[in-house]
Amino acid sequence: MTGVGGPDQQGQQAPPPSSTGRRIGPYEQSLIDSRERVEARARERARRQRRTRTLAAVLVAVLVAGAGYAAWRIVGQPDVATSVPESAAQPTSCAEPTTVRLAVAPVVAPVVATAAEALSKHADGPCAAYEIEPAQAYAVAGSLSGSAVPDGWVTDSLGLLDRVEQTSGRKLTATEPFASTGLVVAMPAAAADAVGDDLSWARLLTTSTPVRVPDPNRTTIGRLALGAAASTLDEAKLRAAFYGSARGGIATVALDGVATSAQPVGAVVTEAEVSAWNAAHPEEALTAIAPREGSAAVEYSLIPVATTSATRSLVTALGDYLKSDEARKLLQDSGFRMPSGGDAKAPTPLIGTVSIVATPSPAAIAKATAAWNASAPKAQTLLALDVSGSMLERTKEGTRLAVVQRATARALGAAAPQTRTSLWAYSQHIGTKGDDQKQLVGYDTLGDPAQLTAIEDSLAKLNKMVGGGSGLYDTVAAAYDRAKGTFAPGHTNSVVIVADGPNEDDYGLSLDLLKQRLASAKDPARPVRVVIIGLGTAVDEKAMKDIAATTGGSYLAAPTVDDLEPVLLRALGG
């Protein structure tokens, strides 16, 4: 036997103890190593940005005398809001502020956070600490009931208020937009230079460089861009223009994927997104191409959602501030346009001129959406959530169960509307006949508002079910049998299991028996994949990988509560 940190009996280096003296296992150590790598990359990125800012300051000092105004134009650009702080700014107006949770469309979230911080410094400002959560507007609109409800919502489409009413029964009052932005196609410089002189939507979407377009069912950007293209392209060319995006189930587009792609690609995004990306990543700057026909504006409005008048007034206070002269400057410096008019700070480099035109006709948008849906993959998923006693463990965001409830509501709200989903819960003997699983909602499409409402209602009732041990293995077997028995031709059929720990039912299936049962039940004509999401570090990762691999599925780790929503959305198909 060796001392702490020495070789074990097999001659392998034993994991070192933690700062508390507890020995760290290989999986947990890998998480620590991964986090350290991420932090190291963040420190290096910050170092490069500091170096860039320092170099800019030196250039200003050297060049101003000789170049004057031209030097300011090169290196004197205003600061652009590029990130959202993890914690809310504390106001100077009071000692015990009310926390106000805001779900904000990701494109405008950084500048809204910057504005909230500026407002917090006003001595006569509201007694509120505004927590900013970047969240896709479509996802929020589909989850405004239960535990996922924010106090305020910045949406990029007032048309989503109809979705809110259909799914939650709530009638929210539309407010005037406080900012807007136009659409561009972002590409690496070499690819942009190769486009040529034809900058029409039709040309940009069918160039030799593939252009990623977000889902028009779920994004304002996708609807406006494809609606514009639909007015000049026939259906066959329209499908060809976004076939790759539709087949890939692309819900949204991230510029980091464009900047770091091994092969040149482009993406339809807002002009403000390109400004923010280039400000934060000068070494990976992208070129913005403005379509010749122009684009309709993506408009942002802050809508109070809270039911108490006190909290609603705090949301309204921020909304009023966002329309002030001080906030307008913040917004314009970050590339946003004002409803009252005036040009935005255009992204650089820019080919063409960004112009704002009328919204495409409903017929053009319907044509584009129908063509997208004809190409997009379809999925049928049975989702089973762990409600064993361990789900009552506290986290920084509340209990694990509360985190799962919020993440599930938001992920299902964000999923493609043609996705068919059934919801189960599992824990030992939770079923009416003593089974370890229980169906809460049967299969239906998430585009049906009644389905989302039923899921939201069931998620809210999970608190009354939580307790007992985890009947994980029996649940996987039963869910697989159900998914196979209700197989949907033309769909990707899957079972998604959210687990926060190992199987705890000693009287049910063992791991070996479960794998044998799954292997014998496989049918090439009716394939069903099992995807297991491990929440936290108590999951038996090896066993989960073995189970999933037996069916051709996969294991997805969500080491922290913050990881669950994006991982769950990925498991649901994007």
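A disulfide is a pair of cysteine sulfur atoms within 2.5 Å. In this predicted model, a search of the whole structure finds 1 disulfide. The bond is formed by C94 and C127, whose sulfur atoms lie 2.0 Å apart.

**The disulfide**

The torsion about the S-S bond of C94 and C127 is about 95 degrees, so the disulfide is right-handed. The pair links distant parts of the chain, 33 residues apart. C94 lies in the loop between α2 (69-75) and β1 (98-104), while C127 lies in the loop between α3 and β2 (128-134). Both accessibility values fall between the cut-offs of 20% for buried and 50% for exposed, so each cysteine counts as partly exposed.

| Cysteine | Relative accessible area | Class |
|---|---|---|
| C94 | 23% | partly exposed |
| C127 | 26% | partly exposed |

**The helix pair α3 and α13**

Helix α3, which precedes the loop holding C127, spans residues 109-120. Its partner in the contact described here is helix α13, residues 325-333. The axes of α3 and α13 come within 10 Å and cross at roughly 150 degrees. Angles over 145 degrees count as roughly antiparallel, and α3 is therefore roughly antiparallel to α13. The crossing of α3 past α13 is right-handed.

On the α3 side, the contact is made by V111, T114, A115 and A118; on the α13 side, E326, L330 and L331 take part. By class, the contact of α3 with α13 has 5 nonpolar residues, 1 polar and 1 charged. The polar residue is T114, and the charged residue is E326.

Conventions
Residues numbered from 1 in each chain as written. Predicted model: local features only at pLDDT ≥ 70, side-chain atom pairs only at ≥ 80, totals over all residues. Heavy atoms only, no water. Axes fitted to C-alpha atoms, helices over the stretch in contact; angles between N-to-C directions. Helix = DSSP H or I, 4+ residues; strand = E, 2+ residues; numbered from the N terminus. Parallel < 35°, antiparallel > 145°, perpendicular 65-115°, else oblique. Left-handed = near helix turned anticlockwise from the far one by under 90°. Contact = heavy atoms within 4.5 Å. Buried < 20%, exposed > 50% of the residue type's maximum accessible area, 1.4 Å probe, protein only.
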